[in-house]
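Welcome, and please take a moment with the sequence and the model before reading on. A short tour of helices, cores and charged pairs follows the display.

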Amino acid sequence: MLKLPVLLRLAAFVVLMAFLLQPHWFEPVLRPLVQDNAPVIYNQGSLLQLTLLHLRTVAIATAAATVVALALAILVTRASGAEFLPLSRSLVNIGQTFPPVAVLALAVPIFGFGEKPTLIALFLYGLLPIFENALTGLTTLPPSVMEAARGAGMTGAQRLVRVELPLAMPVILAGIRLSIVISLATATIGSTVAAKTLGEVIIAGLQSNNLAFVVQGGLIVAVLAVLLHDALQAVERRLAVRMGR
């Protein structure tokens, strides 16, 4: 029998899909939020298409941040790269030091308007949580397991691929989860530089004083963040149980 939290997540997913596919069904609910004769449902584009483009932008930026952050974490946890830890920390902190709006302002003159400046901002903003979690996961492995791997004659690369990364994966995934949730919300500002994200719906609502538009954009992002957060957290728990961490 399904537990209540699972049922609530399934219900949220069903309602989200229904809204994206048939938004006019929800018009009576949102009607009180708009003035007379104002459109209730966002009518300047497809909500489903904007949601998919929003998710694509987040996925590309997170994938790039994961590759770079994980590579840096592996580098600084090797004896040959330990001296680069302070430099690596400084690099990944850049994204948290510069607000995404500032990154967009600097990137637009170089890359132009559209998705590219948004990808750069999300990439920089997503590095820190993934790097720090990967670093924690790789430096807190059970010494007995590492000694057993060395005793079995494994090379450094074999230990990394077969032992270290699998054991550290639940912690690494926690960093990726945090990065995704942050990026889902932050990506909305990409619409200020003509990127196709759900921020377009929110901005249109603010410009036309249409609260229904703002609520639609905000709720879609919020529900996506909750569902993805919970899904990734469930994966982390299963991996942690399997790896005994």
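This report walks through two helices, then the nonpolar cores, and then some salt bridges. Please keep in mind that the model is predicted.

**Two helices to look at**

Let's start with helix 3, which covers residues 47-76. Helix 3 is built from 30 residues, and its first and last C-alpha atoms are 43 Å apart, close to the 44 Å expected at 1.5 Å a residue. Its N-terminal end is capped by Ser46, where a side-chain oxygen lies 3.4 Å from the backbone nitrogen of Leu48.

Within helix 3 you will find Thr51. Is Thr51 buried or exposed? Its relative accessibility is 3%, and the cut-off for buried is under 20%, so Thr51 counts as buried. Setting aside residues up to four places away in sequence, Thr51 touches Leu20, Leu198, Ile220 and Leu224.

Helix 6 takes in residues 115-139. With 25 residues, helix 6 reaches 36 Å from its first C-alpha to its last, close to the 36 Å expected at 1.5 Å a residue. Where does helix 6 have a kink? Look at Leu127: a kink of about 30° lies there, shortly before the proline Pro129.

**The nonpolar cores**

In soluble globular proteins, nonpolar side chains tend to be buried together. Here, the largest nonpolar core has 41 residues, and Phe131, Leu165 and Ile172 are those with the most contacts inside it. Two or more residues of this core come from each of helix 3, helix 5 (100-111), helix 6, helix 7 (143-151), helix 8 (156-186) and helix 10 (211-243). Helix 6 gives the largest share, 11 residues.

To see part of this core in your viewer, try selecting Leu165. Leaving aside neighbours within four places in sequence, Leu165 is in contact with Leu70, Ile74, Leu138, Leu160 and Ile172. Apart from the largest core lies another core, of 19 residues, and among them are Leu16, Val34, Leu47 and Val201.

**Salt bridges**

How many salt bridges are there? The count comes to eight. The table gives some of them, with the distance between the closest N and O atoms.

| Basic residue | Acidic residue | N to O distance |
|---|---|---|
| Arg56 | Glu115 | 3.1 Å |
| Arg89 | Glu132 | 2.9 Å |
| Lys196 | Glu200 | 3.4 Å |

Glu115 forms a salt bridge with Arg56. This pair links distant parts of the chain, with Glu115 in helix 6 and Arg56 in helix 3, 59 residues apart. Both partners are partly exposed: the relative accessible area is 23% for Glu115 and 42% for Arg56.

Arg89 forms a salt bridge with Glu132. Arg89 lies in helix 4 (residues 85-97) and Glu132 in helix 6, so this pair ties together parts that are 43 residues apart in sequence. Arg89 is partly exposed at 31% relative accessible area, and Glu132 is partly exposed at 22%.

In the third row, the side chains of Lys196 and Glu200 meet. Lys196 is partly exposed, with a relative accessible area of 45%, whereas Glu200 is buried, at 18%.

Definitions and conventions. Residues numbered from 1 in each chain as written. Predicted model: local features only at pLDDT ≥ 70, side-chain atom pairs only at ≥ 80, totals over all residues. Heavy atoms only, no water. Helix = DSSP H or I, 4+ residues; strand = E, 2+ residues; numbered from the N terminus. Buried < 20%, exposed > 50% of the residue type's maximum accessible area, 1.4 Å probe, protein only. Contact = heavy atoms within 4.5 Å. Expected span 1.5 Å × (residues − 1). Bend = angle between axes of the 7 residues up to and from the residue. Polar contact = N/O pair within 3.5 Å; in protein donor to acceptor, adjacent residues only side chain to side chain. Core = buried A, V, L, I, M, F, W, Y, C linked by side-chain atoms within 4.5 Å. Salt bridge = Lys/Arg side-chain N within 4 Å of Asp/Glu carboxyl O.
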